[in-house]
Amino acid sequence: MKLSDLMKATNNFSNVNIIGSGRTGTIYNAVLDDGTSLMVKRLQDSRHSEKEFRSEMATLGTVKHRNLVPLLGFCMAKKEKLLVFKNMPNGNLHDQLHPADGECILEWPLRLKIAIGAAKGFAWLHHSCNPRIIHRNISSKCILLDKDFEPKISDFGLARLMNPIDTHLSTFVNGEFGDIGYVAPEYARTLVATPKGDVYSFGTVLLELVTGERPNTVSKAPETFKGNLVEWITQLASNTELQDAIEKSLLGNGVDDELFQFLKVACNCVLPTPKERPTMFEVYQFLRAIGGRYNFTTEDEILSPTDAGYADNMDVLIVAREGND
């Protein structure tokens, strides 16, 4: 796509058009001459060559799933590297859960629908996409919502486009592995991104959905509590007070059992030991079971994990379910 067209569509990258910003760049609302509404991501200065960038775009262009934000095009001109995506009218999940002007109005069925769709998209990236993609930067800000509140994951595959940072320590501190509050505890030690690290980050998003709290500050916690959302949940669980974590407005509406099941899945995702966490496919299956009566999901290619090790995990999952029944 032409730089001149995208500059015109964003009013020359006007601050008024900014709808989000993060580690990988700034997102602008863009309107083409024919009225088409798009999102343009202006990547932070990258030292990658044109050949490397085009290669990455060719790969990302083939990564298509109903729960991923589709890449419609890109632009490489002068020092600019721009990605063009379909517009998402309902913004991101973070802003829906934590609106600046009041309380969140998302009802439980809609929160569950968003969780299931996002889990499906992340599971597809981990298990069915070729090449398989570890997101590295999962948060409620990277889950965008279309006009029907269907979740669409953004920023997948962009980690390879970021500049290599000189030291491992600065890599961690500067957010190479995600936003503070979402980062798996083992990353500070290993400095290696893993699928189970993504599961931890997504577990924090699930906690946001069911508690209504932000990942870094917990409004319901005592003033003396200085930890983050996961640490608060861990403390409640150790005192058998986990029910106190659920957002009050969600309780008493005939879905309490679903809320507790959902909270347990989230807690399993944020366990401190990576190998004790479920796979992203298992997370999707658990959430899909909780939301079974709502008919949210459609069958698709994600339901056929191929590698043997993964099949073994599913056997364990099925046995566990039968035991629970």
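Helices (H or I, at least four residues) and strands (E, at least two) are DSSP runs here, numbered from the N terminus. Counted that way, the chain has eleven helices and seven strands. One loop to keep in mind is the stretch between α9 (256–269) and α10, where R277 sits.

Before going further, a word on what you're looking at: this is a predicted model, in which local features need pLDDT of at least 70 and side-chain atom pairs count only at pLDDT 80 or more, while totals for chains, interfaces and linings use all residues. Residues are numbered from 1 along each chain as its sequence is written, and side-chain values use heavy atoms, with hydrogens and water left out.

Let's start with how much is covered up. "Buried" means under 20% relative accessible area, "exposed" means over 50%, and "partly exposed" is in between (1.4 Å probe, protein chains only). Of the chain's 325 residues, 50% count as buried. As for contacts (heavy atoms within 4.5 Å), take those between residues at least 6 apart in sequence: 62% of them join residues at least 24 apart.

Back to R277. With a relative accessibility of 2%, R277 counts as buried. Its side chain makes a polar contact of 2.8 Å with the side chain of E186. By a polar contact we mean a pair of N or O atoms within 3.5 Å; within protein, one must be able to donate a hydrogen and the other to accept it, and residues adjacent in sequence count only if both atoms are side-chain atoms. The R277 side chain also reaches the backbone oxygen of P272, at 3.4 Å. Setting aside neighbours within four places in sequence, the residues in contact with R277 include A184, K196, Y200 and N268.

Next comes helix α10 itself, residues 280–290, and it's mostly covered: eight of its eleven residues are buried. Among them are M280, F281, Y284 and I290.

Now hop over to strand β3 (residues 37–43), home of K41. K41 is a lysine that counts as buried, at 3% relative accessibility. Its side chain makes a polar contact with the side chain of D155, at 2.7 Å. Leaving out residues up to four places away in sequence, K41 also touches, among others, T24, K81, L83 and L158.

D155, the partner of K41, is in the loop between β7 and α5 (168–173). D155 is buried too, with a relative accessible area of 17%. Its phi is positive, about 70 degrees, although D155 is not a glycine. F149 also has a positive phi, near 60 degrees, and isn't a glycine either. You'll find F149 in the loop between β6 and β7 (151–153).

D155 turns up once more, in the lining of the second largest cavity, along with residues including L60, L83, F156 and L158. On a 1 Å grid over the protein atoms alone, a cavity is a set of points where a 1.4 Å probe fits but cannot get out, and lining residues have an atom within 4 Å of a point. There are three cavities of 30 Å³ or more, and the second largest holds about 70 Å³ of space. Those volumes are the space filled by probe spheres set on the points, with grid points joined across faces, edges and corners. This lining draws at least three residues from each of domain 1 (3–86) and domain 2 (91–291), with the bounds coming from an automatic or database domain assignment.

Key
On a 1 Å grid over the protein atoms alone, a cavity is a set of points where a 1.4 Å probe fits but cannot get out, and a pocket is an open set with protein on both sides within 12 Å along at least five of seven lines; lining residues have an atom within 4 Å of a point.
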